Amino acid sequence: MMPKKKMTEEEKRFVDQNTRLGEGYKQAYKRLLPQVIDSNHEKQKKATESSRCSALTPARYAQQDFFLADIFDASPKADAVSMEHPLFALRAGDRKVRFYQHNDTTIEVRPGIKGLATIHDKDVWIYCISQLIEAMNRGRENVSRTVRFIAYDFLVTTNRRTDGDSYKRMGESLERLSESRIVTNIETDKKRERAGFGLIDSWHVIERDGDNRMVAVEVTLPEWLYRSVTAKHVLTLSRDYFRLRKPLDRRVYELARKHCGNQTKWRVKMSTLHNKSGSQDKLYKFRAAVKLLAATNELPDYRMTIDTNNDIVIFYARGAKGGRAQMHDALSLRS
């Protein structure tokens, strides 16, 4: 006798496919009923587990208390304040406490156990700032000072290798950024206050691969920097910035970009440039390094000449090519 419960189409196919020769449909169903029940139970169990698994992934991102860095064509940008003041070391392992003063602004830089964060470590800042600004320009509303990004994307964007050593160095950069402390009264978004902060508030690895290399990373920027970013006190950098090998060359480019602005040239005394750069070398060594950079003519966006009689460095924007960054900033401000 057939059960009162109506069989599903899948159960009917199962019985049809497993009926023996000479066996009636009712007999086959009665014999196969335990298997049908077991099969249904197993499918229901898998469906439940699958449902649970599928619910976990969106739950990770439901809170949206961070910004997901996923814009691959974001233009490199840096905050104007760190381009003006030497917050980052030009030499790895620098453990010297430094104090700078310019007009009403004072800055005290205190290295961590592993030394002060270097200008190459600053690439983390640049990457996060670039993503946040691009998201704001595109009208996104979920920007926050906690940025989650894929380590591989960061390495590729900043023109680094993607081998195991590069992932290790990235971890060391995050440690130095977190441990290095700044005490300053820098004004950001029309607010001037004396405060101390790490170059990043915190960081942690969200995901690792089979080789224990970081895959996804979350970085929380200091409130001071986040205010500067949301106020769009930033400048666009040349993508060739990441190709500059020497720390001093990167710092000189930052200063040229900051002070040339929309001007065609910027004149600065060698001693002033030395002080602004944060270089710990003697002035004569610094002068030789700057002359070498000028001779290569490889500084992105700018050409350099040295007035040896007056010990002055002159930066010239490279015409239309050098004006791309300035033009990009102008368009960003209009959007």
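Let's start with helices H8 and H9, which are roughly perpendicular to each other. Keep in mind as you click around that this is a predicted model.

**Stop 1: H8 and H9**

Select residues 247-260 for H8 and residues 270-277 for H9. Their axes sit 10 Å apart, and the packing angle is about 110°. Why do we call this pair roughly perpendicular? Because that label covers angles from 65 to 115 degrees, and H8 and H9 pack at about 110°.

Now show the side chains where the two helices meet. On the H8 side, pick Leu-248, Arg-251, Leu-255 and His-259. Their partners in H9 are Leu-273, Lys-276 and Ser-277. Try colouring this H8-H9 contact by residue type: you should get three nonpolar, two polar and two charged residues.

**Stop 2: H4 and H7**

Next, select H4 (123-137) and H7 (residues 223-230). How do these two cross? The axes of H4 and H7 come within 10 Å, at an angle of roughly 40°, so the two helices are oblique to each other. The crossing of H4 and H7 is right-handed.

Who makes the contact? From H4, light up Trp-125, Ile-129, Leu-132, Ile-133 and Met-136. From H7, add Trp-224, Leu-225, Val-229 and Thr-230. Colour this H4-H7 set by type too, and you'll find eight nonpolar residues, one polar and no charged ones.

**Stop 3: Asp-121**

Stay around H4 and select Asp-121. You'll find Asp-121 in the loop between strand S4 (105-110) and helix H4. Is Asp-121 buried or exposed? Its relative accessibility is 2%, so Asp-121 counts as buried; the cut-off for buried is under 20%.

Now bring up what surrounds Asp-121. Leaving aside residues up to four places away in sequence, Asp-121 touches Ser-173, Arg-176 and Leu-177. Zoom in on Arg-176: its side chain makes a polar contact with the side chain of Asp-121, at 2.7 Å.

**Stop 4: Asn-142**

For the last stop, go to the loop between H4 and strand S5 (146-150) and select Asn-142. With a relative accessible area of 27%, Asn-142 is partly exposed. That label fits because 27% falls between the 20% and 50% cut-offs.

Finally, add Leu-68 to your selection. How far apart are Asn-142 and Leu-68, in sequence and in space? Along the chain, 74 residues separate Asn-142 and Leu-68, while in space they are 8.7 Å apart, C-alpha to C-alpha.

Notes
Residues are numbered from 1 along each chain as its sequence is written. This is a predicted model: local features need pLDDT of at least 70, side-chain atom pairs count only at pLDDT 80 or more; totals for chains, interfaces and linings use all residues. Side-chain values use heavy atoms; hydrogens and water are left out. Helices (H or I, at least four residues) and strands (E, at least two) are DSSP runs, numbered from the N terminus. Buried means under 20% relative accessible area, exposed over 50%, partly exposed in between (1.4 Å probe, protein chains only). A polar contact is a pair of N or O atoms within 3.5 Å; within protein, one must be able to donate a hydrogen and the other to accept it, and residues adjacent in sequence count only if both atoms are side-chain atoms. Contact means heavy atoms within 4.5 Å. Axes are lines fitted to C-alpha atoms, for helices over the stretch in contact, and angles run from 0 to 180 degrees between N-to-C directions. Angles under 35 degrees count as roughly parallel, over 145 as roughly antiparallel, 65 to 115 as roughly perpendicular and the rest as oblique. Ala, Val, Leu, Ile, Met, Phe, Trp, Tyr, Cys and Pro count as nonpolar, Asp, Glu, Lys and Arg as charged, and the others, Gly among them, as polar. A crossing is left-handed if the near helix is turned anticlockwise from the far one by less than a right angle, and right-handed if clockwise.
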